[in-house]
Amino acid sequence: MLNVPKSKILSVIIGAFACSFTFEMLFEYTPLGIFAGTLTAVVVAHTYSEIIARILKTPSTVILIPSTVPLLPGGYLFYAMNALVTGDKNAFGYNARQTALVAFAIALGSVITLIVLNIIRRIKAVLQRR
């Protein structure tokens, strides 16, 4: 599964569960919608992977990439392409929009988390110099 070392599989499963759980709770039980649910789930997964990577002494991407797989908009992309082939413009528009929203939320969630982590690292470096 994505070349995850056997010793890290449990961490990936926990990360994927946390990511999926966060998304489902926000998407299904709040009016936030797919964008905010995906964005928050990615921030949770990214934060989790950074913490676990430090504990396990492994690159965070080993945990992050497989943990965010449940968020990938495969279904929306499939239905968008199917609608495009069959000529259903309304279904294509809806599913293409959902695909783009999810993809943008994943990217934005990663960027936000990386910016916050970079700020934390800089503050930590400044405090250690004193």
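Here are some worked exercises on the predicted model shown above.

**Exercise 1. Work out what the protein is built from and what box its C-alpha atoms fill.**

Start with the secondary structure: there are 5 helices and 0 strands. Reading from the N terminus, that gives α-α-α-α-α. Next, the box: along the principal axes, the C-alpha atoms take up roughly 65 × 35 × 25 Å. Then look at the contacts. Among those with a separation of 6 or more, 63% join residues 24 or more positions apart.

**Exercise 2. Describe the surface and the charges of the protein.**

First, burial: 35% of the 130 residues count as buried. The accessible surface comes to about 8,400 Å², and carbon and sulfur atoms own 70% of that. Now tally the charged side chains: 11 are positive and 4 are negative. Take the centre of each set, and you'll find the two centres 23 Å apart.

**Exercise 3. Check whether the end-to-end distance of helix α5 agrees or disagrees with its residue count.**

Helix α5 runs over residues 89-129, which is 41 residues. The expected span is 1.5 Å times one less than the number of residues, so α5 should cover 60 Å. Its end C-alpha atoms sit 60 Å apart, so the two values agree.

Now for the burial along α5. Its buried residues are Asn95, Gln98, Thr99, Val102, Ala105, Ile106, Gly109, Ser110, Thr113 and Leu117. Keep the helix geometry in mind here: with 3.6 residues a turn, residues three or four places apart point the same way. As for what lies over these buried residues, the cover includes α2 and α4 (74-86).

**Exercise 4. Find the largest nonpolar core and say which helices supply it.**

Collect the members: Cys19, Phe23, Ile34, Ala41, Val42, Ala45, Leu64, Leu71, Val102 and Ile106, 10 residues in all. Sort them by helix, and α1, α2 and α5 each turn out to give at least two. The largest share, 4 residues, is from α2. There's also a second, separate core of 5 residues, with Val4, Val12, Tyr48 and Ile52 among them.

Leu64 is worth following from the largest core back to its own helix. Leucine 64 touches Ala45, His46 and Ser49, leaving aside residues up to four places away in sequence. In α3 (residues 60-67), Leu64 is buried along with Ser60, Ile63, Pro66 and Ser67. The cover over the buried residues of α3 includes α1 (9-29) and α2 (33-56).

**Exercise 5. Decide whether threonine 22 is buried or exposed, and list what it touches.**

Place the residue first: threonine 22 is in helix α1. Its relative accessible area is 16%, and the cut-off for buried is under 20%, so threonine 22 is buried. Setting aside residues up to four places away in sequence, threonine 22 is in contact with Thr40, Ala41 and Val44. For a distance check, try threonine 38: it is 16 residues from threonine 22 along the chain, and their C-alpha atoms are separated by 8.4 Å.

**Exercise 6. Say where lysine 57 is found and what sign its phi has.**

Lysine 57 belongs to the loop between α2 and α3. Its phi is positive, about 55°, although the residue is not a glycine. The background: most residues other than glycine have a negative phi. Finish with exposure: lysine 57 has 76% relative accessibility, and the cut-off for exposed is over 50%, so lysine 57 counts as exposed.

Key
Residues numbered from 1 in each chain as written. Predicted model: local features only at pLDDT ≥ 70, side-chain atom pairs only at ≥ 80, totals over all residues. Heavy atoms only, no water. Buried < 20%, exposed > 50% of the residue type's maximum accessible area, 1.4 Å probe, protein only. Contact = heavy atoms within 4.5 Å. Areas by Shrake-Rupley, 256 points an atom, 1.4 Å probe, with all protein chains shown as cover. Lys, Arg positive; Asp, Glu negative; His and termini not counted. Charge placed at Lys NZ, Arg CZ, Asp CG, Glu CD. Core = buried A, V, L, I, M, F, W, Y, C linked by side-chain atoms within 4.5 Å.
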